[in-house]
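Q: I'm new to this one and would like a close look at a single part. Could you walk me through one of its salt-bridge networks and how open to the outside its members are?

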Amino acid sequence: MRTAVMLVALLMAMKDGRAQQAYAVADIPAALKSRADAVVRQESIVVDMQAPTKVRYLVMQAVTVFNRAGEDRARLVIYYDKNVAIRRVSGRVFSGDGLQVGKFTQRDLKDESAVSSFSLYEDNRVKHFLPAMTSYPYTVEYTYELELKQNLIIPAWRPDAYRDVAVEHSRYTFVCGPSDEVRISAANYRGEPALSSAEGRKAMTWEVADIPAQRYEPYSPVPETYQTVVKIAPVDFSYYKRNGRYTNWHDLGRWVYDALLADGLALPERTVQEVKQLVGGLTSDREKAKVLYDYLQRKTRYVSVQIGIGGFKPMSASEVDRLGYGDCKGLVNYMQALLNVAGIPSYYCVVQAGDAKRDLQADFAGMQGNHVILCLPFEQDTTWLECTSQRAPFGFLGSFTDDRVVWACTPEGGRLLRTPRYGAAMSTQQRQAKLELDAQGNIAGKVETVFAGGQYDNHLELAESTGTEQTKLLKQAYDIDQIRFSQIAYQKGDGETPALVETFRVALDRYAPENGGQVFLITNMFNRGRTIPAVKNRALPVYINRGYTDEDQITFTLPAGYRLAATPLDEEIDSPFGYYHATVRQEGDTIVYYRRFTLNEGTFPPDRYAAFCAFINRVSALDSYKAVLTTR
């Protein structure tokens with residue numbers, strides 16, 4: 001009863017008198033309407049940890065939608081499974097003038113399986129609702145309560161998580177017993193939480209107000225660096241009937257290994273003997289691991305399977321061996337089991353994967369990350385394996401998981417590691433083309449490109465495709481009207497820095513036809529940079545996520561009598577953001593185009609964006625340079 005009384009008091013407080021308002025759009029401050037597709041009028045979240053196996057999660061939110069782009073923010077979406085119970089849902093809908101025009105309950109929500117399009121099976125379901133409104137603006141207000149049967153993962157608070165959405169008011173309250181120990185991370189939050197107590201329980205409250213919509217700014221840093229995020233991690237926890245205690249990565253990694261990994265590494269005796277035969281006679285652990293990685297790639301394929309202790313426990317190695325497939329967790333676990341037979345140690349590593357480099361939060365241990373990879377801590381050369389790929393070379397991590405902090409779960413405990421970085425000097429794309437221009441303006445010839453380091457996987461999908469699909473992908477990569485390809489070939493190298501060699505013959509009709517005794521030839525056919533928009537009063541730092549170096553040399557053989565009429569191109573730009581050099585020169589009956597472009601990764605102050613924009617846009621302009629040829 002005491003808990004119920006406190007929750008009622010908290011809910012009344014979080015309404016803050018605003019729930020009685022009619023949500024008239026006219027009441028929204030003008031500064032919050034600017035650039036906004038939607039405005040969060042009020043958001044109040046209460047997390048009440050009554051026990052490790054009973055956490056009440058209460059949400060009340062009202063969102064005003066201005067246009068179709070903001071509708072997703074009005075959509076109520078509740079995921080649940082056997083560890084999350086939906087206790088109640090209700091809501092109301094208001095017109096732009098603040099008049100109530102509808103209401104809904106849990107019966108009005110659609111209930112569907114939450115299986116992803118890429119997943120074989122998940123045990124999650126989702127309930128969702130979007131008001132059937134035909135005019136804007138309108139406001140939807142909803143309240144719901146969930147009961148979480150675990151406290152290992154407490155939902156974080158991200159009040160300004162969406163660009164183009166303003167926040168008028170948001171509050172987050174965490175309630176627990178007086179002796180409960182919790183760790184707290186409050187990023188980009190000014191001040192301290194408000195502390196209160198009632199009926200022998202303690203509460204902490206964070207609150208923000210009047211946050212304008214964030215406009216899109218090119219080359220922005222990852223959101224975690226500037227958005228408000230509050231995370232809470234109880235020291236003592238329960239998860240799917242497994243209890244534990246942790247205050248750091250070491251303790252959490254040990255629990256993950258003992259509770260989720262250790263009992264799934266056994267292999268059938270038949271496979272054990274096969275592994276021993278494969279590595280028999282090999283002298284180094286690296287050679288043995290390479291053979292077993294090839295075995296993994298030939299024997300298994302990736303299929304997403306999000307079940308088993310909330311999606312954290314991998315399929316057993318024996319099950320993957322029998323089925324021939326698994327998700328990232330299952331395939332890493334299987335590769336570990338193969339290596340164990342050969343006596344090679346390895347680490348099961350959790351990473352935040354994606355093209356944007358995102359570190360795990362090193363100073364706040366918790367169940368972070370969305371992908372699993374494998375680390376082989378060889379004495380002289382730590383090696384990393386992407387076990388979900390059937391085409392990645394041994395020891396290569398591409399742009400999906402490179403250069404970021406990951407979490408290794410070992411029998412001795414957890415530890416933080418960093419995956420390899422491919423800098424601008426190693427991430428190269430080198431192209432050589434020898435083309436012939438005829439008197440009708442047609443072009444034909446051979447192109448060879450070498451993708452290496454961080455650019456190795458640029459065209460890996462093309463290399464693995466065939467027939468019409470490969471041609472389609474090539475036309476997307478080399479976006480030139482009426483381009484035709486033939487004699488397409490790919491060759492993979494697996495040295496210290498893996499390289500992919502792409503060769504093909506190309507033909508283009510009427511690419512540079514004669515007109516009034518002149519020919520206008522765009523010499524950079526294959527690698528022209530795009531412009532970026534100017535941004536006044538930029539707020540965020542300039543963040544270049546990944547550096548690289550491109551080098552192109554194209555030789556055009558000309559018809560008899562053709563010569564370069566204009567002043568040859570020769571321009572060099574040396575900037576803190578990178579380097580560019582482009583030349584066009586005539587050598588006998590040929591025109592030689594050369595381009596070298598390096599982009600440096602890094603973070604720069606907001607006021608440097610104008611200079612960065614000027615650099616990128618000047619490169620784009622030079623990339624479209626037209627060589628003027630005379631034909632008489």
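A: First, a term we'll need: a residue is called buried when its relative accessible area is under 20%, exposed when that area is over 50%, and partly exposed in between. Keep in mind that this is a predicted model.

Let's start with Arg 421. Its relative accessible area is 46%, so Arg 421 falls in the partly exposed group. Its side chain meets that of Asp 403 in a salt bridge, with 4.0 Å from N to O. The two partners come from distant parts of the chain, 18 residues apart: Asp 403 is in the loop between E22 and E23, while Arg 421 is in the loop between E24 and strand E25 (428–437).

Asp 403 has another partner, too. Its side chain also forms a salt bridge with Arg 418, at 3.1 Å from N to O. Here Asp 403 sits in the loop between strand E22 (383–385) and strand E23 (405–410), and Arg 418 belongs to strand E24 (residues 413–418), so this pair ties together parts that are 15 residues apart in sequence.

How open are these two? Asp 403 has 10% relative accessibility, so it counts as buried. Arg 418, at 43%, counts as partly exposed.

Now for the wider picture around Arg 421 and its partly exposed side. Through shared partners, salt bridges join Lys 357, Asp 359, Asp 403, Arg 418, Arg 421 and Glu 601 into one network. Across the whole structure, a search finds 39 salt bridges.

Note on methods
Residues are numbered from 1 along each chain as its sequence is written. This is a predicted model: local features need pLDDT of at least 70, side-chain atom pairs count only at pLDDT 80 or more; totals for chains, interfaces and linings use all residues. Side-chain values use heavy atoms; hydrogens and water are left out. Helices (H or I, at least four residues) and strands (E, at least two) are DSSP runs, numbered from the N terminus. Buried means under 20% relative accessible area, exposed over 50%, partly exposed in between (1.4 Å probe, protein chains only).
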